[in-house]
Structures are given as C-alpha cells and as structure tokens.
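Subject: Handing over the model

Hi,

Here is the structure I promised to pass on to you. Have a look at it first, and then read on for what turned up in it.

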Amino acid sequence: LIKEFFLENNHRVHMELRPSATLGEETILEEKNKMKKLSDSLSSNEYDSIKTEAEMLKTIQNTDDPPEVVAMIPSLSIEDIDQSGVEFPIQIEEQAFGTGATLVTHNVHGSPGIVYIDVGVDIASVPFSEIELLPFVST
C-alpha cells in the first residue's frame, strides 16, 4: 500500500522553507507603510473620529467591570467537571473503499464543514532498506 500510493506515486509537491532573519522588520515596515497610506487618505474629521473612538475603547478596556457585572460571568469549579470524561461514538469500517485499510471516523460536534484527518499506517511490511524513505511520505 505504501509503495503503491506513496513511493510509486508520481504526484509530488516539493516545498522548501527557509527562515528569514529580517521577516519581523519587513512585516513591521509593511504595516507602517500601509497605515501611513491609510492615514494620508483620511480627512481630518475622519482621523479625529477614529482617534476619539480608539481612546474611548482603550478607556473602556482598561476600566474594571463593576462587581455586579463580574458576578454575572459564568464560572466552573473543579467539582462541576465530570471526572469520567467523554466517550465519543466511533464508526469502524474494515476494508474501506476496497483498499485494505481500516477507516475509523467520528463526528466532531461544533465544527461544521471542518475535517480533521489523522492517518496511521502499519509499516511492518516496509523493508528495512526502505525505512529511511519514510520521512518523505510523512510529516
């Protein structure tokens, strides 16, 4: 299976990542240029309005909430947490799609449209001489 779908598969993506010692400075400079361009495009009334709103927001964020508002925030104690954990129902399909693979799935509630994939492969049949090639087909 590894040989057919990974080692002898002609579809490849080669990606090379190189660290940048100047990425932080480049990002800051780019952001400053963007903000200068935006600032230059604003009228004095628009600029003053944004500045006033920003100051008001900063004041609100730095002001503590009154005790009666803090008391309304829900909280949990350790006793509120179920110590037995959660058991998620799973479906197991042997010979999935006729590939000889076992497919284990479960629904992740609260994440519609998002798929989480974790692939486990039994490498017991990979010859010792090809073990060094496994990093090329895994991450």
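Strands β1 and β2 make a hairpin, with 4 residues between the two strands. Please keep in mind that this is a predicted model. The two strands, β1 at residues 91–96 and β2 at residues 101–105, run antiparallel and are joined by 4 bridges. If you want one pair to centre your view on, take Glu-93, whose bridge partner in β2 is Leu-103.

The backbone of this hairpin has two spots that you may want to check in your own Ramachandran plot. Phe-97, in the loop between β1 and β2, has a positive phi of about 55 degrees although it is not a glycine. Is Phe-97 buried or exposed? With a relative accessible area of 72%, it is exposed, because the cut-off for that class is over 50%. The other spot is Gln-95, which lies in strand β1. Gln-95 is not a glycine either, and its phi is positive, at about 55 degrees.

Next, the pocket. The largest pocket has a volume of about 980 Å³. Its lining is made up of 31 residues, and the closest to the pocket centre are Thr-102, Leu-103, Asp-118, Val-119 and Gly-120. So if you set up a grid box, you will meet Leu-103 again, the bridge partner of Glu-93. Which elements supply at least two residues each to the lining of the largest pocket? Helix α1 (2–7) does, and β2 does as well.

There is also a nonpolar patch on the surface, of about 1,100 Å². The residues that make this patch are Leu-1, Phe-5, Phe-6, Val-115, Ile-117, Val-119, Val-121, Ile-123, Phe-128 and Ile-131. Val-119 will be familiar from the pocket, where it is among the residues closest to the centre. Phe-128, another patch member, sits in the segment after β2. Phe-128 counts as exposed because its relative accessibility is 78%, and the limit is over 50%.

Two further residues in the segment after β2 caught my eye. Phe-136 is found there, and at 71% relative accessibility it counts as exposed. Phe-136 and Phe-6 are 130 residues apart along the chain, yet their C-alpha atoms are separated by 8.9 Å. Phe-6 is one of the patch residues listed above. Ala-124 also lies in the segment after β2 and counts as exposed, with a relative accessibility of 68%. From Ala-124 to Leu-134 it is 10 residues in sequence and 12 Å in space, C-alpha to C-alpha.

How many salt bridges does the count come to? The count comes to 2. One of them links the side chains of Glu-16 and Arg-18, with an N to O distance of 2.3 Å. You may want to look at that distance before you run anything on the model. Arg-18 counts as exposed, at 67% relative accessibility. Another salt bridge pairs Lys-36 with Asp-40, and here the closest N and O atoms are 3.2 Å apart. Both of these residues belong to helix α2 (residues 23–41), where they are 4 residues apart, about one turn of the helix. Lys-36 and Asp-40 are both exposed.

Lastly, a proline. Pro-66 is in the loop between α3 (44–62) and α4 (67–70). Pro-66 is classed as partly exposed because its relative accessibility is 36%, which falls between the limits of 20% and 50%. Measuring C-alpha to C-alpha in your viewer, you should find Pro-66 and Glu-31 to be 37 Å apart in space, with their positions 35 residues apart in sequence.

Over to you, and have fun with it!

Best wishes

Technical notes: Residues are numbered from 1 along each chain as its sequence is written. This is a predicted model: local features need pLDDT of at least 70, side-chain atom pairs count only at pLDDT 80 or more; totals for chains, interfaces and linings use all residues. Side-chain values use heavy atoms; hydrogens and water are left out. Patches are made of residues with over 30% relative accessible area and no salt bridge: like charges are joined within 9 Å, nonpolar side chains (Val, Leu, Ile, Met, Phe, Trp, Tyr) within 5 Å. Accessible areas come from the Shrake-Rupley method with a 1.4 Å probe; for residues, only the protein chains shown count as cover. A salt bridge is a side-chain nitrogen of Lys or Arg within 4 Å of a carboxyl oxygen of Asp or Glu. Buried means under 20% relative accessible area, exposed over 50%, partly exposed in between (1.4 Å probe, protein chains only). On a 1 Å grid over the protein atoms alone, a cavity is a set of points where a 1.4 Å probe fits but cannot get out, and a pocket is an open set with protein on both sides within 12 Å along at least five of seven lines; lining residues have an atom within 4 Å of a point. Grid points are joined across faces, edges and corners, and a volume is the space filled by probe spheres set on the points.
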